[in-house]
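Reader: Please choose one part of this structure and examine it closely. I should like a connected account of that part and of what surrounds it.

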Amino acid sequence: MQVTVPKIASSNIKRVIIKEKFGYEEGSEEMEHALFAPHVTLAKCCLLTADVAREFYSLQRAFTFAFIRNPWTRLYSAYKDKIVKFKGFEDYYYIKKILFTVRDWTWEEVKNEPAVREAAGTITFTDFLTMLATTDAENFNDHWKPWFLLTQPCMIKYDYIGYLEDIGTAYQVVKNKVFSDLDIDLGERYEGSSGSAGTIEAYKVVPKHVLDAIVAKFEDDFNIGGYSTDINCIDQLHG
């Protein structure tokens, strides 16, 4: 059973599990349909929230695993994927929230759909982090909610927790345990996921008080994962 955390290779892991569980071939109509809403496809067999995972684990019914990631790189990835790419209604909601809470737009201005859409492309990484800094982490969207809250590692005794920064090793461990007869890999997409100069540069323009607030909200992710809160150490693997 995988306790899934968005922005930590979750989509590709879902693809692997779907192929293993249902036998769908890559590129097939069945696979495309299943990947359109993978959380629905897998909800009843092997894709869990932490609350459901506790029940399964107590019954000793499954090998339970999760992947975690450096909060700095995960947040920047979420910003690029969900705010910059601006892919749907949920993202539109958060753009409105940023305009209202960070840019000080009035409610009437936020209701002006054309104006909001025009402003969407101007939302900066600092705007995004400032919204998070002023929001209770319990109310974060799952794509940027601390993985500590999503996986609840103090309440679930995981059989394995892997790191995205070493995804090749982590995936091999899970594959050997769960998908040993399945000839499929994750590809090269996650090479270098521990960080990059571009990610560090993005954080350098963020005010210190905002970064301090982010560190406080992700304290458990940093501490339990063994990650440095120093943004300049983003390329170091977990300690």
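Author: Relative accessible area sorts residues into buried (under 20%), exposed (over 50%) and partly exposed (in between), using a 1.4 Å probe and protein chains only. The model is predicted, so local features are given only at pLDDT of at least 70 and side-chain atom pairs only at pLDDT 80 or more, whereas totals for chains, interfaces and linings use all residues. Residues are numbered from 1 along each chain as its sequence is written, and side-chain values use heavy atoms, without hydrogens or water.

The part chosen is the largest cavity. A cavity is a set of points on a 1 Å grid over the protein atoms alone where a 1.4 Å probe fits but cannot get out; lining residues have an atom within 4 Å of a point. The structure holds one cavity of 30 Å³ or more. The volume of the largest cavity is about 30 Å³, taken as the space filled by probe spheres set on grid points joined across faces, edges and corners.

The lining consists of Tyr94, Lys97, Met131, Leu132, Thr135, Asn139, Phe140 and Trp144. By class, five of these residues are nonpolar, two are polar and one is charged; Ala, Val, Leu, Ile, Met, Phe, Trp, Tyr, Cys and Pro count as nonpolar, Asp, Glu, Lys and Arg as charged, and the others, Gly among them, as polar. At least two lining residues come from each of helix H6 (89-101) and H9, where helices are DSSP runs of H or I with at least four residues, strands are runs of E with at least two, and both are numbered from the N terminus.

Lys97 of the lining belongs to helix H6. Its relative accessibility is 21%, and therefore Lys97 counts as partly exposed. Beyond residues up to four places away in sequence, Lys97 is in contact (heavy atoms within 4.5 Å) with Val102, Met131 and Thr135. Of these partners, Met131 is 34 residues from Lys97 in sequence, and the two C-alpha atoms are 7.8 Å apart.

After H6 comes the loop that leads to helix H7 (107-110), and Asp104 lies there. With a relative accessibility of 61%, Asp104 counts as exposed. Most residues other than glycine have a negative phi. Asp104 is not a glycine, yet its phi is positive, at about 65°. Gln152 also has a positive phi, near 45°, and is located in the loop between helix H10 (147-151) and strand S4 (160-163).

H9, the other helix named for the lining, also meets helix H5. The axes of H5 (residues 71-84) and H9 (residues 125-133) come within 10 Å and cross at roughly 110°; axes are lines fitted to C-alpha atoms over the stretch in contact, with angles from 0 to 180 degrees between N-to-C directions. H5 is therefore roughly perpendicular to H9, a term for angles of 65 to 115 degrees. From H5, the contact involves Leu75, Tyr76, Tyr79 and Ile83, and from H9, Phe125, Phe128, Leu129 and Leu132. This contact has eight nonpolar residues, no polar and no charged ones. Leu132 of H9 takes part in the contact with H5 and also lines the largest cavity.

As for the whole chain, 14 helices and four strands make up its secondary structure, and 50% of its 239 residues count as buried. Among contacts in the chain with a separation of 6 or more, 75% join residues 24 or more positions apart.

Technical notes:
Parallel < 35°, antiparallel > 145°, perpendicular 65-115°, else oblique. 1 Å grid on protein atoms, 1.4 Å probe; cavity = no way out; pocket = protein on both sides within 12 Å on 5 of 7 lines; lining within 4 Å.
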